[in-house]
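Colleague: I should be grateful for a close look at one part of this model, set within an account of the chain around it. Please reason from the coordinates alone and state where confidence is limited.

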Amino acid sequence: MSEFWLISAPGDQTNLQAWERMYMVTSKSNLSSNSKFHIPDLKVGTLDALVGLSDELGKLDSFAESVIKKIAQYIGEVMEDSKDKVQENLLANGVDLISYLTRFEWDMAKYPIKQPLKNISEALAKQVTQIETDLKTRSAAYNNIKGNLQSLEKKTVGNLLTRTLADIVRKEDFVLNSEYLITLLVVVPKSSYVQWQKTYESLSDMVVPRSTKMIAEDAEGGLFTVTLFRKVMDDFKAKARENRFMVREFYFDEKELKCEKEEMMKLASDKKQQYVSNICCTARQAQYCCICSQGPLLRWLKVNFSEAFVAWIHVKALRVFVESVLRYGLPVNFQAMLLQPNRKSVKRLRDVLNLVFKHLDEVAAASVMDPGMDIPGLQLSNQEYYPYVYFKIDLSLLD
């Protein structure tokens, strides 16, 4: 991904010559890749409305950027087994983000240009807010499934003293439904296998001879069964503990074990279906997703990433329009351009732009060329200020 600079300057004859000069210098010296950024003739409205809208658009810009970043990160989480393919799923109107930016066209159907700028801004804000709200709902449901599954999965990766035994024990390993006998499970360290075999029958009275069998083993030890009379169970446990044999508090319940297995399988299936499903994409979604095996959550994330990204770039276009009118005045006449700086030539590119367009604002140009210069009366906000209108589009945030 890359960083882009969206800039504008007046479109009169003098500045068109400056544009040509800038274009020639930056292209010839390989400082940046440049393309015109087409913004339609929007309704200007009053100066007061433009000033208020400028502040609102700044907030909306940051909000929209945060939403698309969240969606991109969530796509990475959902595609946990295919993270190398995340970038190819970040599309806008069916094309990669750089192609969409460099060939930007205003969406007349979604954002009619005959309506006031305030209305367009509110429509964009409403759209992005709804996407964020839906994302919270869907992510909460997915995280709940994922969290429950992780809790169950943790039980399968511990040692034999703590892990679930649902996938280990079998009905035939136990004496069941006996009024007098019970089968216990004992975890024995590997170094004590011989000692266990020699002593388990004598740890207490009424232990069934030759009733032990190892049914599972891990790096630390083995899980053994032993059958004895119920009335000596407490005595057996105490003597086993003295010999470093740990009796697990486990009683075979076929229904409970079956439920645990089914719950894990269901959660795993539910989680997987959010990423992979047999439901084919609808015709509307097909422009974003040509892989019909993608699950509903991933499809929703892809579609709404595209929607949010498109909205964000329209917010950028609105900001350029409003700022250009405020900066350069009426009638509306400015040229917008998208620059993709060469990573090694950012400072040189900035110097060239300031030199070419310093006549637009001599005071601002002087402060940019010499940051340590104290110029009375010059108040700069947190937004980077240059003689020309400038906004940054940082796609590296989506890496």
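How many helices and strands does the secondary structure of the protein chain come to? Within that framework, please examine helix 1 closely: which of its residues are buried, and which elements cover them?

Modeller: The model is a predicted one, and its secondary structure comes to 11 helices and 10 strands. The chain has 399 residues, of which 45% count as buried. Among contacts between residues at least 6 apart in sequence, 76% join residues at least 24 apart. The mean pLDDT is 85, and 84% of the residues reach 70 or more.

Helix 1 comprises residues 13-28. Its 16 residues should span 22 Å at 1.5 Å a residue, and the C-alpha atoms at its two ends are indeed 22 Å apart, so the expected and computed spans agree. The buried residues of this helix are Asn 15, Ala 18, Trp 19, Met 22 and Thr 26. Because these residues cover an arc of only 105° around the axis, they lie on the same side of helix 1. The spacing has a general basis: an α-helix has 3.6 residues a turn, so residues three or four places apart point the same way. On the other side of helix 1, Gln 13, Gln 17, Glu 20, Met 24 and Lys 28 are exposed.

The cover over the buried residues of helix 1 includes strand 1, strand 2 (32-36), strand 9 (334-341) and helix 10. At the N-terminal end, helix 1 is capped by Asp 12, which places a side-chain oxygen 2.9 Å from the backbone nitrogen of Asn 15. Asn 15 is also one of the buried residues of the helix. Beyond helix 1 comes Asn 30, with a positive phi near 55°.

Two of the covering elements lead to other parts of the chain. Helix 10 (residues 346-357) has 12 residues and reaches 17 Å from its first C-alpha to its last, close to the expected 16 Å. Its buried residues are Leu 349, Arg 350, Val 352, Leu 353, Asn 354, Val 356 and Phe 357. Strand 1 (3-10), for its part, is preceded by the segment that holds Ser 2. Ser 2 has a relative accessible area of 16% and therefore counts as buried. Discounting residues up to four places away in sequence, Ser 2 touches Ile 98, Gln 340, Ile 393, Asp 394, Leu 395 and Ser 396. With Gln 340 there is a polar contact, side chain to side chain, at 3.0 Å. The separation between the C-alpha atoms of Ser 2 and Ile 393 is 8.5 Å, although these positions lie 391 residues apart along the chain.

Charged pairs add to this picture. As a general matter, side chains of opposite charge can pair when their charged atoms come close. The model contains 13 salt bridges. One of them joins Glu 323 and Arg 327, with 3.6 Å from N to O. These two residues are 4 apart in helix 9 (residues 296-328), which means that about one helical turn separates them. Arg 327 is partly exposed, at 24% relative accessible area. Elsewhere, salt bridges with shared partners join Arg 170, Glu 172, Asp 173 and Lys 213 into one network. Within this network, Arg 170 pairs with Glu 172 at 3.6 Å between the closest N and O atoms, and with Asp 173 at 3.8 Å. Arg 170 is partly exposed at 46% relative accessibility, Glu 172 is exposed at 56%, and Asp 173 is buried at 8%.

Finally, a word on confidence. Among the elements of the chain, helix 5 (residues 193-199) has the highest mean pLDDT, 97, and helix 8 (residues 283-286) the lowest, 38. Over residues 275-293 the pLDDT stays under 50, and the model has 38 contacts beyond four places in sequence for them. Residues 373-382 also stay under 50, with 8 such contacts. Where pLDDT is low, the predicted coordinates should not be read in detail.

Terms used. Residues numbered from 1 in each chain as written. Predicted model: local features only at pLDDT ≥ 70, side-chain atom pairs only at ≥ 80, totals over all residues. Heavy atoms only, no water. Expected span 1.5 Å × (residues − 1). Buried < 20%, exposed > 50% of the residue type's maximum accessible area, 1.4 Å probe, protein only. Contact = heavy atoms within 4.5 Å. Polar contact = N/O pair within 3.5 Å; in protein donor to acceptor, adjacent residues only side chain to side chain. Salt bridge = Lys/Arg side-chain N within 4 Å of Asp/Glu carboxyl O. Arc of directions from axis to C-beta. pLDDT = per-residue confidence, 0-100.
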